[in-house]
Amino acid sequence: MFPLESALLPNQDLPLRVFEPRYSALVRRCIDRDEPFGVVLISAGREVGGGDSRCDVGILCRIAEYADLGAGRYALRCRTGERIRVSEWLPDDPYPRAAVTLWPDEPGDPVTDAQVLDLEDRVMALFGRIAEARGAALPDRDALLGYGDDDAGDAGQRLFALASRTPIGAADRYTVLSAPSAADRLAALREAVDAVAEMVEFQLSE
């Protein structure tokens, strides 16, 4: 397991520079055995040195490319995959470890294309207000929200992709990640977008 101070979502690129001995050992194992590792959000503390508190929902991650920089240092380019849930944290020996299970979306109310499109419109409006405040030009919709091949699945996957492109904080991103169903994810992301939009409007009114 690799605790980080950011919440990741499926199908994101993750660059990492590793230098701490325990994570060097983790990277070496993943490379040698072609295994993924889990990433979870740190709820308190820092990833360097240990002693952190960790969330229990995370994401699997695979090393796509790496450079061995010597002396236990690595530069990695990783890609996130399936959502996981920690069932038990194990002793940090020689690196953070946990027993995890894959956590696909649970059954829930259907999410329609119209609902996703409405949320995309809200996100574009938010980007528009931010661009206006900065006196910048707004890129087109595809540049901001265009989905890759990995994101072109069901509504739940599209909502993950939309959340990864939306300017929300780590706590909101984690709420989106840990929403049990696609319908719950839609509600969580809508609430996060509306909260950021209200904050932007407040700042612009001052």
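**View 1. The turn at alanine 71, in the loop between β4 and β5.** This is a predicted model, where local features need pLDDT of at least 70, side-chain atom pairs count only at pLDDT 80 or more, and totals for chains, interfaces and linings use all residues. Residues are numbered from 1 along each chain as its sequence is written, and side-chain values use heavy atoms, with hydrogens and water left out. Strands here are DSSP runs of E, at least two residues long, while helices are runs of H or I, at least four long, and both are numbered from the N terminus. β4 and β5 make a hairpin with 2 residues between them. Phi of alanine 71 is near 55°, a positive value in a residue other than glycine. Is alanine 71 buried or exposed? Alanine 71 is exposed, at 78% relative accessible area. For these labels, buried is under 20% relative accessible area, exposed is over 50%, and partly exposed is in between (1.4 Å probe, protein chains only).

**View 2. Strand β4 and its partners, β3 and β5.** Two strands count as paired if DSSP finds at least two bridges between them. Strand β4 (residues 53-70) and strand β5 (residues 73-90) run antiparallel, joined by 11 bridges. Look for glycine 70, which sits opposite arginine 73 in β5. Strand β3 (residues 37-44) also pairs with β4 in the antiparallel sense, over 6 bridges. In that pairing, valine 39 faces isoleucine 59 in β4.

**View 3. Strand β2, with a covered face and an uncovered one.** In a regular strand the side chains alternate between the two faces of the sheet. In β2, Leu14, Leu16 and Val18 make up the covered face, and Asp13, Pro15 and Arg17 the uncovered one. β2 pairs with β5, antiparallel, over 6 bridges. Aspartate 13 is opposite arginine 79 in β5. Just before this strand comes asparagine 11, in the loop between β1 (2-4) and β2 (13-18). Asparagine 11 counts as buried because its relative accessible area is 19%.

**View 4. Valine 39 and the largest nonpolar core.** A nonpolar core is a set of buried Ala, Val, Leu, Ile, Met, Phe, Trp, Tyr and Cys residues joined through side-chain atoms within 4.5 Å. How many residues does the largest one have? The largest core has 53 residues, and Phe2, Leu16, Phe37, Val39 and Leu189 have the most contacts inside it. Helix α6 (residues 182-205) gives this core its largest share, 9 residues. Apart from it lies another core, of 6 residues, including Met1, Val40, Leu60 and Ala98. Back at valine 39, the residues it touches are Phe2, Leu4, Leu8, Leu14, Gly58, Ile59 and Cys61, leaving out residues up to four places away in sequence. Contact here means heavy atoms within 4.5 Å.

**View 5. Helix α6 packed with α5 and α2.** Axes are lines fitted to C-alpha atoms, for helices over the stretch in contact, and angles run from 0 to 180 degrees between N-to-C directions. The axes of helix α5 (residues 170-177) and α6 come within 8 Å and cross at roughly 165°. That makes α5 roughly antiparallel to α6. Angles under 35 degrees count as roughly parallel, over 145 as roughly antiparallel, 65 to 115 as roughly perpendicular and the rest as oblique. Asp172, Thr175 and Val176 in α5 meet Arg185, Ala188, Leu189 and Ala192 in α6. Helix α2 (residues 113-134) packs with α6 at about 20°, their axes 10 Å apart. So α2 is roughly parallel to α6.

**View 6. Helices α4 and α5, side by side in contact.** Helix α4 (residues 155-164) and α5 pack at about 175°, with axes 11 Å apart. That makes α4 roughly antiparallel to α5. Phe160, Ala163 and Ser164 in α4 meet Arg173, Val176 and Leu177 in α5.

**View 7. Two more backbone spots, at aspartate 34 and proline 94.** Most residues other than glycine have a negative phi, and most peptide bonds are trans. Aspartate 34 is not a glycine, yet has a positive phi of about 50°. You'll find aspartate 34 in the loop between α1 (21-33) and β3. Aspartate 34 is exposed, with a relative accessible area of 59%. The peptide bond from aspartate 93 to proline 94 is cis, with omega near 5°. Proline 94 is in the loop between β5 and β6 (97-102).
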